[in-house]
Amino acid sequence: MTNDPSGPAIETSGLVKVFGETRAVDGVDLVVPRGTVYGVLGPNGAGKTTTVKMLATLLRPDGGEARIFGKDVVHDANDVRSLVSLTGQYASVDEDLTGTENLVLLGRLLGHRPAAARVRAAQLLEAFGLADAAAKQVKNYSGGMRRRIDIAASILNTPDLLFLDEPTTGLDPRSRNQVWDIVRVVVAQGTTVLLTTQYLDEADQLASRIAVIDHGKVIAEGTKGELKASVGAGSVHLRLRDAAQRAEAVALLETALAGAQVQLEPDPVALTARVGDGDGGTAHAGGHGGGRGAAAQAAAALAELARADITVDNFSLGQPSLDEVFLALTDRPAGAETQEAAA
Ligand SMILES: Nc1ncnc2c1ncn2[C@@H]1O[C@H](COP(=O)(O)OP(=O)(O)OP(=O)(O)O)[C@@H](O)[C@H]1O
Ligand SMILES: [Mg+2]
């Protein structure tokens with residue numbers, strides 16, 4: 001079968017992986033367009049790593065099919081392996097070697113001549129902000145530096161498809177930003193990236209499309225805008241002057257916003273309310289007609305609060321965050337274990 005140059009980078013249908021009693025991946029259908037970052041978002045145990053391992057030919061599916069650039073992950077496994085690279089808990093860098101030594105060694109293993117391997121290593125260390133650490137042993141790297149050298153090692157040969165399995169878990173905000181910049185560079189060079197994450201803001205920052213998975217199933221899929229729109233037209237965030245007025249404010253908002261769900265924030269003066277699209281139905285993906293309705297509703301609600309002498313110090317109306325999307329889809333925040341009550 002020829003590789004349709006405009007076909008998707010990844011296409012799966014009904015993908016299944018079972019471990020004993022656990023259906024870790026339970027009928028996953030995905031279409032990942034070429035040249036983009038595709039986010040697979042889900043909490044612990046959702047089936048992200050298992051899915052990635054099947055797509056990277058490290059695990060054999062128990063059901064369904066998956067094609068990478070048209071190649072079947074089971075029947076054309078060798079072809080698939082030549083197209084993909086994986087960064088995750090499988091990093092192959094050696095702790096006792098320096099950054100340069102690691103990349104040169106791996107480059108040599110990939111068949112680069114010594115001089116070419118050194119040039120490529122230096123290039124990547126520079127591009128990933130590791131030039132100053134090039135001569136240090138990797139065991140002395142910080143978590144962020146370690147993650148960056150892992151990604152550098154996985155793109156020594158520019159892969160057509162790169163899997164990044166939770167590339168920023170456990171990193172501080174600055175290191176996360178550096179990894180995000182690297183992902184943007186990799187994609188700009190033409191590589192398709194499938195990124196798994198538990199962080200909604202990470203998917204929001206990087207991915208053009210997102211699949212939300214939970215218990216081995218895709219529970220939502222679309223562009224960021226579509227996912228957000230599916231939850232409602234917008235979110236109103238309020239901060240009151242007086243925490244004692246919060247209960248009264250909630251009651252007023254629920255009435256003024258026609259049955260909107262009002263959430264109490266940990267901060268005793270803060271409130272969040274989801275605003276519907278004005279006709280009581282779910283907002284339609286792509287249709288932004290709800291925007292003006294949301295603003296008008298929010299303005300009316302503010303007027304009600306003012307009439308009741310409730311002082312609002314701070315107000316904003318925005319699209320719902322991906323966190324709110326996850327909450328709406330699963331009734332629990334992303335990252336919370338199924339059995340735990342939402343905090
Ligand atoms: N080798 C295995 N043997 C048995 N069960 C497994 C195995 N690998 C994964 N599982 C189970 O399959 C389910 C999905 O696991 P997976 O590692 O794919 O989740 P994940 O979304 O990557 O989670 P995390 O965010 O914690 O990395 C979990 O219930 C897990 O315990
Ligand atoms: Mg995982």
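1. How many bridges join strand 4 (residues 63–68) to strand 5? The two strands are joined by two bridges and run antiparallel, with Ile68 standing opposite Lys71 in strand 5. It should be said at the outset that this is a predicted model, and the points below are to be read in that light.

2. The pairing of strands 4 and 5 belongs to an open sheet of four strands, which are arranged in the order 2-1-4-5 with antiparallel pairing. Strand 2 (22–32) and strand 5 (71–72) stand at the edges of this sheet, and because each has a single partner strand, one side of each is left without a neighbour in the sheet.

3. For the protein chain as a whole, the secondary structure comes to 11 helices and 14 strands. Of its 343 residues, 41% are buried. Among the contacts between residues at least 6 apart in sequence, 67% join residues that are at least 24 apart.

4. Strand 9 (residues 209–214) deserves a paragraph of its own, since it is mostly covered, with six of its six residues buried. Arg209, Ala211 and Ile213 point one way from strand 9, whereas Ile210, Val212 and Asp214 point the other way, and all of them are buried. The buried set therefore includes Arg209 and Asp214, which count as charged by residue class.

5. Strand 9 pairs with strand 3 (residues 37–41), to which it is joined by four bridges in a parallel arrangement, and Tyr38 stands opposite Arg209 in this pairing. Strand 9 also pairs with strand 10 (residues 217–223), here in the antiparallel sense and over six bridges, with Asp214 standing opposite Lys217 in strand 10.

6. The connection between strand 9 and strand 10 is a hairpin that has two residues between the strands, and His215 takes a positive phi near 50° there. A colleague checking backbone geometry may wish to look at His215 in the hairpin.

7. Which residues surround ligand 1? The shell consists of Phe19, Thr22, Ala24, Gly42, Asn44, Gly45, Ala46, Gly47, Lys48, Thr49, Thr50 and Gln198. By class, this shell has three nonpolar, eight polar and one charged residues.

8. As to where the shell around ligand 1 comes from, strand 2 and helix 1 (48–55) each supply at least two of its residues, and helix 1 gives the most, with three residues. Strand 2 thus has a part in two of the features discussed here, as it stands at an edge of the open sheet and also supplies residues to the shell around ligand 1.

Note on methods:
Residues numbered from 1 in each chain as written. Chains lettered and ligands numbered in written order. Predicted model: local features only at pLDDT ≥ 70, side-chain atom pairs only at ≥ 80, totals over all residues. Pairing = 2+ DSSP bridges. Buried ≥ 20, exposed ≤ 12 C-beta atoms within 10 Å, placed from the backbone. Contact = placed C-beta atoms within 7 Å. Near = placed C-beta within 6 Å.
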